[in-house]
Every structure is written in structure tokens, then in C-alpha cells.
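Please look over the sequence and the structure shown here before reading the notes below, which are grouped by topic.

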Amino acid sequence: MEFGSKYVYAYLDSSEEEVSEEEFSNVYDDCVPEISHDLDSSSSRRKPPKALKSRGACEDDRERCTLSESKELEPVPKIHKWMQMLPSKQSSSKSPAESSSVPPPCVPPLKPRGSRVKKWRRADTNVVAIKFDQLTSPSNMHTGDPVTCTDCKAMLSHISKITKDGENQVWICEYCGTSNPVDLVSEEIPAEADVTYMIEPAPATTASGRSGKDESLVVFCVDVSGSMCVSQEVPGTMRLKGNHSDRFNSLNTHGENQWLHGQRRDVTYVTRLQGLQAAVDSQLQELAKEHPNRRVALVTFNSEVTVVGDGSGIPLTIAGEKLNSEDELMRIGSEVMLPTSIANSRDTLGKQIFDLEEGGQTALGPALLVSTVIACQVPGSKVIICTDGMANTGLGNLDNLVTTEDFEVASVFYQKVSTIAKSKGVSVSILTIAGTECRLVELGRVASQTGGQVNTVDPLKLTQEFGNILADPVIATRVVATFLVHKGLYIRNDASKSSRAVKEVGNVSKGTEITFEYGVRRTSSKSSASTTAAGNSEAAAGVSSSASGSELVQDQLDELPFQVHISYIDLEGAKAVRVLTQTKPITKERKQAEMYMNMPILSTHAIQKSSVMAVEGDYTPSRLNAYMYQRLFYRNVSDLKTMNQYSVYNKRSSSLSNKLLHEQKTEAQSSGLELCDLDVEESEMHTGDTVDAGKTKETGSKMLKLFKKSATARAKRRMNCPDAVARIAFVNASSSSRAMEDDSDD
């Protein structure tokens, strides 16, 4: 559990910033903050930033930014040679044309010309990140169930205090103030911030087998439709394994010249399928060498679905009406025999790979379902789909969808596949061929929800992508993260404004990272006519029953507790709950919280949140969210290290934001609207989410109407979302703070 800052920022009011019409309508420039050249970039302690002001940024949170105020702020000069100050790995080998295709975001924004503005909640540092790299290597093991609060479900921890009430023990929950009777000996009270409770031991047969070796399953689900015959030139002449040209040449009995006029003879034409065959065969060889006990199965699809398995039996073909029957497809998948180890099947399976031929349509949906059910036999298994086209046959058809209702039918199917995979600990990864459209917004959702990867690649580079997927194994399944905060706080983006949030993560690898954002609760003061028992309970926890949430946080406590429960099943089948507990000091000063911010953690949260919004069709909220965090980071660049982190964030966020801007301009042009008029209801609805707890019924009714009004538009965006947007969004959604720290690939 890592925090966005050393401090909890207990703000007085949730302030907003304004984005002008011109800012909203333009891509970002290459402005960067100015820093002092004598700062020590290796210093671990963040030095106070210089007076960096951005247009639209207020010094006092209780003030609102206005256009007139922003015009008075001192402009920040552009620094075009700033990249020379960054580490050498920031240098790019791209051509100038490529480098300028997605310009980095600029803060401060452009000088506003129009009068219309969009308001958005000012970004702050109240963010927590949960990492899973050490999930299955726990320490401080406890047997039996943890002691939980009867009200908020917080767990007894090392910061809990046990008091005596006569002969009875009482634990006053430090999160909600509830009095909990307990009966514990000192050894049962956690002494560390990180403890793990073993709920259920592993059964005898598991994914690792009795021998403890990795016997998980990898299912390659390969597109062999007609479009896989599309070829590209590769310099030089080479003889490809599995090339069928000899068979075709045998038909030329007279030896006539088969070259086209002007056709180059110093190149080799490689089809998409040939590139895929070479990549899969390479991975079979690698698996046989490095993981000989793993199992590999092959499923192909065109107008039919063919289950090849490990290549030792007769392939099973699924065609006709069976492609439209979910029950039949699941039955067939569940009856497929578990493949033998790759050490035994490598040669046979390799031959089957190179015997594949292209032709027909794309029954991707049925193939995905069958492959997932096959992989469900072994928890921790993987399904890797490689396709170059849109699903157009059988269940999950995504082609020629006319209405949003048609799209929702297909969307429900892919959601079912995700649910099946998550329940059995299977991850699904999607690889699409560059230059094609596959409606990645739905396929990518399956990968995102099951802990898989999404990418669009050149067919000649598939080997590397397969390797990246297989090198990132699932370490735990059915992961559920529960985040608890003090009752004076609440979890943002949760409709109930609760102090407890539950997120079903599903499958996780060592690189998986999720974030939560919390706000300061502002509730009306309660009546002092509470029962004596309740008053005593809250007083014992350092809480006054008559204090409102904001007063409780800002005036009565110096620090606040945070807790995360991570329930999971490891690959051996053991069920456990890991409990992490920390406390953080409170500050009322935004500057102090920002001075000690953790920019990689905040960057990860900002990019993940914007990506989820983009996939859901919330283009304006996605861009505004990214923009607010850009301003936050800009204000706090103080040395070379933070400048580097700032540039990494800009690089990643701009790739999505500028794509969304392009889509919005196209949408505005086709609808005859001004760009700033798009998503007015949507923007207002999300801005309303920043209002602290205690909404009036009228506000809630307005939000409901706005949601219904924008639902259709959002569904249309999802239906028509280009793969270029979806790919960036899904890649960004799986970002980690490690990648944001050093700009490495996730």
C-alpha cells in the first residue's frame, strides 16, 4: 500500500478549476516547467517547488479559478532544450515527423479567447495504490479467521487498542468508532502492519501438480480466416517453413513465368498467417526448453472453430448452429481432454501449426468461449488470441451492427466470457494485427478484466509479444481488494460515498497495480442527543458524536488509519487474506501535501482513471481528468527526477487525450455542433461526482436525468470506438508506478 503523498490532504472545500474553450479544443504544446539547474536530482527528499504558476490554478483552495484571474498570472516561458537535462534513455530515435505526431501536453494552458469554460475538480494527492508483486510471498502468517468490526468490517490490526470493560475486552474500531467485544490473548493480536490469514489450505491437486512443477495450460487461439493471407514485403529472399509455394508451383506444368510486370524479385512476401506460424512455433520451442511441464493447446477459427488440442488426436470441428449456442460451445470445451506436457507434444503440435491454411470468415466469439472453457481446467492458465479481423460469425458478432441494442447483445456475451475466465483464474490476452479493425473496445475489455494484455503488432514481431505475455504469469486468482478509510473520509467514484470500497480484481501478476481515490466527508452535524453508550464508544476512538465529518478530520485527529484486505487463491489452491494497515498524518495545507507527493503513484491513478472513462465513452471527463493532474504535476516539478516523471506522464496521457480530441472533433463536425458543446450533460454529471457526501434529493435526481440522457451517446461511442483509441486506453489502464517512474513498458 503506497500513498500519493506523505500527508492526507484535509481540504476545507473541494475546489474546481476551469478549462477554457480554446484549451479544450487544442492539442497540447511542448511547454515544460522551469527548474533550477543547481537542484540535486539524486536527493530523495522533495525540495519545495519554485513559484510555478499555471493559468487557472488558484493559490487558495477556497477560491475558484476564473478566466480573469488566469489572465493575470505570470506566464511561464517555454523551454525547448529541456530534454538535454533528462537521462539519455529519454532520447528518441524517431524521425521528427513521428515525434511530432503526438505532442506532449502543455501546462500552463493556452491564453483563453472564448467565454465558455468547463469546470472540473482540482486534482489532489489523496490516492492510494495497491501492488501485488509480493502477494503470494506473505510473512506474519496467522491461522483462523481475522477479528472484524461488526459495523464497517475493518480488521483488528497492530494499531488497534484493546481496553477493559470490567472483566470483558473491548476493541473500539479506529475507523467507525464501533465498540466490539473480543476475547483475545496477546499472541492473537497482530503485531505487524502486514499480516496474512490462511483461510483454507491448498488441495492435493493444483495448477502446479503434485510435483510442484508448473503444469498450467496455454491455449493459442489463432485466426485462419481469409484475410490472414494478406502479405507484406520483407527485404531479401528466404525460404519460410510451412510455405505452400512448392505445391502451387507444381500446378505450373509448363514452367511459365509467373511474375507480375514490375514485381520485385529481391524480396519475400510474408503473409500474416506465416508470421503467426513462425511466432507460435518459436514459443513452443521456448516453452519446451524453459517450462517442459506446461501444457499447450491449439484452437483455430475461420467460418468454423477447430479444436486441435495438443495435436495427438483428431481435430474437432464446430460449425453451423453450434456456433450460436452458448451451452453447446461450453459443453464441447469442457469435454476436451487436458493436453499432455509441451515436452511430449512439441513436435506434433509444431507440425499442426504449419499445416494451417487461410480461408473463410471469422468466428472469433465462439473460438474465444471454447478456448476459455478449455483453459478453465487449470487455474492460472492463459488464452492468447491473435486475429486480424472483426468477429462476424456466431456468438459475439461485432460486424455490421446497426443499433446500440445490437452492440449490447454482443457486449453481454463478451462480459460472460470475462466472468467465466475470472472465476476459474484464466487470463485472456488479445493480439491484433496492425492496420486492421477488430472492435478492440470489446475484446480488450475481456483482457482487461481477466488480467491479460492488449496490443496491436506487426505480424513479423509477434514472437516478442507472445514472449512478453508468457513471461508475465498469473500469481493469484479470484483476487478481491477491499479498501477502508476513516469515517471522516469517503471513497471517490463510488455512488454511495462509502468509507469502504470493494474491487474485484480477478487474476493478478506481479506487475498488477490498482488505485483508490478518497475525499474528505462533509456531513451535517448530528444531534447531540445520542445514547451514552454510542457517545462513549466514539469518544474512546477519539471521535465526537456531534462533530461533522470535516471537523472530525481537520480538528480532532492528527493522523488517520487506512486498511486494505486482499483475499486471493494462490496457484496451489490455498485461500488467504492479506491485511495491510497504515496511518498517515493530516495536513490542511495543499502545498504541504503536494510538496511530499509521490508523482508515479498519482500518475498511475490519473492514467488508469482517464483510460477507464475513455473506454466507457466518457471522452470529455477523460481529457479533463488528465488535464487536472497535468496541472498538479506541473506545479510541483522541482528537480530533474520530477521533471523526468512529469515528461513520462505527459507522453502517456497525451497519446490518449489527443486521440480522444480527434474523435470529438470528428463527432462535432458530423453533428454540426461546436466542440465545447459536446458532452455538456456528461461533464456536468461527472463534476457532480466531486460534490462531497450529503447530496440533496434534487441533486441526485438531476444526476440521474443527466446519466440517462448521455447513456445513448456513450453507447454509440463504444460501438464506434476505433481500435487505435481502445488499444491505447487498455494499455494505459494496466499502467504501473514502476513504468511511470522510468518509462519502461508494463
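In which strand is K584 found? In this predicted model, K584 is found in strand β25, which covers residues 575-587. The points below take up this lysine, then one helix, and then two residues with positive phi.

**A buried lysine**
- K584 is buried and yet has no salt bridge, since the nearest side chain of opposite charge, that of E2, is 9.3 Å away and a salt bridge would need a side-chain nitrogen of Lys or Arg within 4 Å of a carboxyl oxygen of Asp or Glu.
- Apart from its neighbours within four places in sequence, K584 is in contact with F3, S5, K6 and V8, and also with D558, E559, L560 and F562.

**The buried side of helix α11**
- In helix α11, which runs over residues 462-470, the buried residues are L462, E465, F466, I469 and L470.
- These residues lie on the same side of α11 because they cover an arc of only 130° around the axis.
- The elements against which the buried residues of α11 pack are the helix α5 (272-290) and the strands β11 (217-223), β17 (382-387), β18 (427-433) and β19 (454-457).

**Positive phi outside glycine**
- Most residues other than glycine have a negative phi.
- K153, which is not a glycine, nevertheless has a positive phi of about 70°; K153 sits in the loop between β6 (141-143) and β7 (162-165) and is partly exposed, with a relative accessible area of 39%.
- R478, also a residue other than glycine, has a positive phi near 50°; R478 is placed in strand β20 (residues 476-485) and counts as partly exposed at 43% relative accessibility.

Terms used
Residues are numbered from 1 along each chain as its sequence is written. This is a predicted model: local features need pLDDT of at least 70, side-chain atom pairs count only at pLDDT 80 or more; totals for chains, interfaces and linings use all residues. Side-chain values use heavy atoms; hydrogens and water are left out. Buried means under 20% relative accessible area, exposed over 50%, partly exposed in between (1.4 Å probe, protein chains only). Helices (H or I, at least four residues) and strands (E, at least two) are DSSP runs, numbered from the N terminus. The arc is that of the directions from the helix axis to the C-beta atoms. Contact means heavy atoms within 4.5 Å. Lys and Arg count as positive and Asp and Glu as negative; His and the chain ends are not counted.
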